[in-house]
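Let's take a walk through this one together, from the inside out. Have a look at the fold before reading on.

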Amino acid sequence: MANFLNLDGLALSTKQGKWKRVAEKVAQEVLLPNAERVDREGVFPKENIRALGEAGLLGLLVPEEQGGPGENTVTAVAVTEAIAKACSATAMCYHMHQTTLPVMCASANERQVEELLAPIVAGKWLGAFAMSEPGSGNKIWHMDSHAREDGDEFVVDSFKSFCTSSGHADYYLVPVRANAESTAHELSLFLIRGDDPCIKPIGEWDGMGLRGNSSRPIHFDNCRVDKVQRFGDAAEGFSYMMAYSLPIYLCGMAACYIGIAQAAYEAAVDHVSKRIHSDTRQSLAHLETVQRLVAEMRVAIDSVRFTTLRIAQQTDNALVLFDEFKEAGLLDDIVRDNPDDPFFVEVASLKPAACEMAIQVTNKALQVCGGSGYKRGHPVERCYRDGRAGSVMGPTDDTVKVVIGTQILGLPQPWI
């Protein structure tokens with residue numbers, strides 16, 4: 001019976017529960033002790049990523065038939081939240097790595113499984129998704145850069161304006177136009193190895209929050225890419241991204257901000273329970289204002305968490321259907337224009353819901369903790385800064401709302 005009263009909002013399977021506990025153990029033993037230094041110094045969390053790899057978490061979403069654990073979006077959400085609660089910068093690097101996996105696994109041939117997925121399953125490779133470009137900003141369906149075929153290779157010259165784990169990833173999944181004549185959303189997907197000497201990270205990342213995730217610009221300066229490193233056929237990339245990357249991206253993004261909010265909430269509860277006023281000899285927890293704010297934080301977190309888990313389940317069901325459409329050659333049709341399907345509206349709604357919730361909860365946690373929480377280095381202060389990153393991460397919340405609104409109103413999407 002305890003399983004069905006689980007406050008996480010979902011009765012996880014034995015295997016899913018095992019992975020969640022693995023993540024929590026790594027988070028407590030490795031990530032949390034490093035979190036303050038990663039934030040203060042703005043250093044990339046190499047030790048944390050290595051620990052996630054050694055725990056088997058980097059290959060979590062690789063199917064069993066391709067050598068991986070074969071876990072699904074629900075498991076990924078549970079694991080990502082546990083990581084984000086301890087160190088949100090690490091969680092964002094991990095999340096963007098996970099976003100690369102479903103699209104690669106869905107399109108991988110036998111050689112790609114052996115050469116490019118196996119190191120991920122072994123916990124040796126961290127990936128990054130290099131999407132946003134200066135000309136189109138957060139509109140990830142529009143790319144200006146393109147690939148050029150040259151004999152048995154492709155040449156990719158692409159400048160990406162923000163890329164999590166820039167300069168530290170072992171590989172980058174890079175969408176560009178299939179060729180110079182392709183339209184802005186006729187994309188091909190290339191895996192470019194992180195040790196390619198033509199990769200040039202630009203400057204240093206010095207963000208207000210998520211200070212360790214190295215989200216700086218990166219230039220793929222005429223990188224020569226073997227044909228085995230293209231996933232899917234030419235110009236198929238957009239459909240694969242919409243079907244296989246977008247859902248896990250939005251579910252995982254929500255999980256990151258649930259974890260950040262949960263950390264702030266728990267720090268605030270701990271503070272008000274221990275802070276005793278000498279005049280009343282009572283803790284701050286006895287104040288009605290504090291009680292109301294704590295309740296509001298809890299309700300907001302739980303509401304978004306339950307919604308995220310529900311949509312993660314829908315995503316896993318949708319991926320089965322996408323596989324069927326892919327085999328029938330219909331994937332492009334269903335992801336480009338399907339106004340009667342509410343799935344994309346629901347999954348898109350996760351990002352603004354979670355990101356706005358994180359801002360609200362961390363603001364209330366700061367209010368509850370007062371001056372103590374405002375001091376540099378306090379967990380709530382860090383969560384307060386980290387919690388503001390999501391709303392401006394591409395696609396921004398405003399862009400997502402426009403996409404949702406046009407779908408609801410029956411208007412054509414900008415990529416149609």
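**From the core to the surface**

Keep in mind that this is a predicted model. The largest nonpolar core has 122 residues, and within it Met104, Tyr244, Tyr257 and Phe322 touch the most other members. Helix α6 (residues 237–274) supplies the largest share of this core, 25 residues. That's in line with a general habit: in soluble globular proteins, nonpolar side chains tend to be buried together.

Zoom in on phenylalanine 322. Which residues does Phe322 touch, once those up to four places away in sequence are set aside? The list is Ala243, Tyr244, Leu331, Ile334, Phe343 and Phe344. Tyr244 turns up again here, having already appeared beside Phe322 among the core residues that touch the most other members.

There's also a second, separate core, made up of 17 residues, with Phe154, Tyr172, Ile199 and Val225 among them. Ile199 is a handy stepping stone to histidine 219, since it is one of the residues that His219 contacts. His219 sits in strand β7 (residues 216–226). Leaving out neighbours within four places in sequence, its other contacts are Asp157, Ser158, Phe159, Cys198 and Lys200. With aspartate 157 there's a polar contact too: the two side chains are joined at 2.9 Å.

Now out to the surface. Here Ile408, Leu409 and Leu411 make a nonpolar patch, together offering about 340 Å² of accessible area. Ile408 belongs to helix α12 (residues 397–408). Is isoleucine 408 buried or exposed? It counts as exposed, because its relative accessibility is 61%, and the cut-off for that label is over 50%.

Methods. Residues are numbered from 1 along each chain as its sequence is written. This is a predicted model: local features need pLDDT of at least 70, side-chain atom pairs count only at pLDDT 80 or more; totals for chains, interfaces and linings use all residues. Side-chain values use heavy atoms; hydrogens and water are left out. Patches are made of residues with over 30% relative accessible area and no salt bridge: like charges are joined within 9 Å, nonpolar side chains (Val, Leu, Ile, Met, Phe, Trp, Tyr) within 5 Å. Accessible areas come from the Shrake-Rupley method with a 1.4 Å probe; for residues, only the protein chains shown count as cover. A salt bridge is a side-chain nitrogen of Lys or Arg within 4 Å of a carboxyl oxygen of Asp or Glu. Helices (H or I, at least four residues) and strands (E, at least two) are DSSP runs, numbered from the N terminus. Buried means under 20% relative accessible area, exposed over 50%, partly exposed in between (1.4 Å probe, protein chains only). A polar contact is a pair of N or O atoms within 3.5 Å; within protein, one must be able to donate a hydrogen and the other to accept it, and residues adjacent in sequence count only if both atoms are side-chain atoms. Contact means heavy atoms within 4.5 Å. A nonpolar core is a set of buried Ala, Val, Leu, Ile, Met, Phe, Trp, Tyr and Cys residues joined through side-chain atoms within 4.5 Å.
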